[in-house]
Amino acid sequence: MQLTQKLAITLLILASSTANAATVTLNGDDVSFTYDDATLYGAGSVIGNTIFFFPTAFRAESTNGSPATVSISDTLNIKVDALTQGFSMSTMTISEDGDYRVDGAGASAEANGFFRATSLTTLCGLPPCQDEVLLDAGSLSSTGATAALWSMGGSINLGDTPGWGNDTSINLTIQNNLSATTSASGEIAWIQKKFSVTVPTVVPVPAAVWLFGSGLLGLLGIARRKKTA
């Protein structure tokens, strides 16, 4: 008899910088997360199988056309390892959000990047198995003196790559670019990762990992697959 159990793991990324770089490993109930806390995503904390990041400085702002465009980019790598025998990972989903303001005919803001999964346990020839999805917040057209919300996301299914799946160690890469542009005096544009809220989700997919990374928020779900006689 085969028993499949799933656990959801939440990755909440709000956006911040930290002064002292360090490689950090945090253990959840059934998985561990290893990352460098020197990025704009900041330091994380884990409750159950959920890891949270609360940054504050992932922001781009341009005013009065000087400078015309301000951009900020950063990359977060998270090594995810199964701690409990029988766990494996096959699917990742990322969802990111924040807020922005564009005020003026020449003002604009953008958010984009990519989400990548690289196997640390399975080879698909050389190089190792890898898949990624591009992230794009789309047209941020809300204008005026108040902030509007943006979001972007996507998913990776390791089963789409022949020979890849049921991994016990994966590196997840989240790369984000934010930019704000103005062209004339009196215009304002800014965009930032701010905050979001998520709830662990039970995913009805065998041996799955779910990551909802958010510029603020990301939900990383890791599914547990356990066999019993």
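How many salt bridges does the structure hold? In this predicted model, the structure holds 5 salt bridges, and a search of the whole structure finds 1 aromatic pair. The points below take up three of the salt bridges, among them the one between Lys193 and Glu96, then the pair of rings, and finally two side chains whose charge is placed over a ring, including Arg59 over Trp190.

**Salt bridges**

- Lys193 and Glu96 meet through their side chains in a salt bridge, with an N to O distance of 3.1 Å. The pair links distant parts of the chain, since Lys193 belongs to strand β14 (residues 188–193) and Glu96 to strand β9 (residues 91–103), 97 residues apart.
- Both partners of this bridge, Lys193 and Glu96, are buried.
- Glu132 is joined to Arg116 by a salt bridge in which the closest N and O atoms are 2.8 Å apart. Because Glu132 lies in strand β11 (residues 130–136) and Arg116 in strand β10 (residues 108–119), the pair ties together parts that are 16 residues apart in sequence.
- Glu132 counts as partly exposed at 34% relative accessibility, and Arg116 is likewise partly exposed, with a relative accessible area of 22%; the value for Arg116 falls in this class because buried means under 20%.
- Glu61 forms a salt bridge with Arg59, and here the closest N and O atoms are 3.0 Å apart. Glu61 is partly exposed, with a relative accessible area of 37%, while Arg59, at 31% relative accessibility, also counts as partly exposed.

**Aromatic pair**

- Tyr41 and Phe58 form an aromatic pair with 5.5 Å from centre to centre and 80° between the planes, an arrangement that is edge-to-face; the angle receives this label because planes over 60 degrees apart count as edge-to-face.
- Tyr41 lies in the loop between β4 (31–36) and β5 (44–47), and Phe58 in the loop between β6 (50–53) and β7 (59–63), so the pair ties together parts that are 17 residues apart in sequence.
- Tyr41 is buried, and Phe58 is buried as well.

**Charges over rings**

- Arg59, the salt-bridge partner of Glu61, also has its charged end over the ring of Trp190, at 4.5 Å from the centre of that ring.
- Lys193, which forms the salt bridge with Glu96, lies over the face of Phe58 at 5.5 Å from the ring centre. Phe58 thus takes part in this contact with Lys193 and in the edge-to-face pair with Tyr41.

Methods
Residues numbered from 1 in each chain as written. Predicted model: local features only at pLDDT ≥ 70, side-chain atom pairs only at ≥ 80, totals over all residues. Heavy atoms only, no water. Salt bridge = Lys/Arg side-chain N within 4 Å of Asp/Glu carboxyl O. Buried < 20%, exposed > 50% of the residue type's maximum accessible area, 1.4 Å probe, protein only. Helix = DSSP H or I, 4+ residues; strand = E, 2+ residues; numbered from the N terminus. Phe/Tyr/Trp six-rings, centres within 6.5 Å; stacked < 30°, edge-to-face > 60°. Lys NZ or Arg CZ within 6 Å of the ring centre and 35° of its normal.
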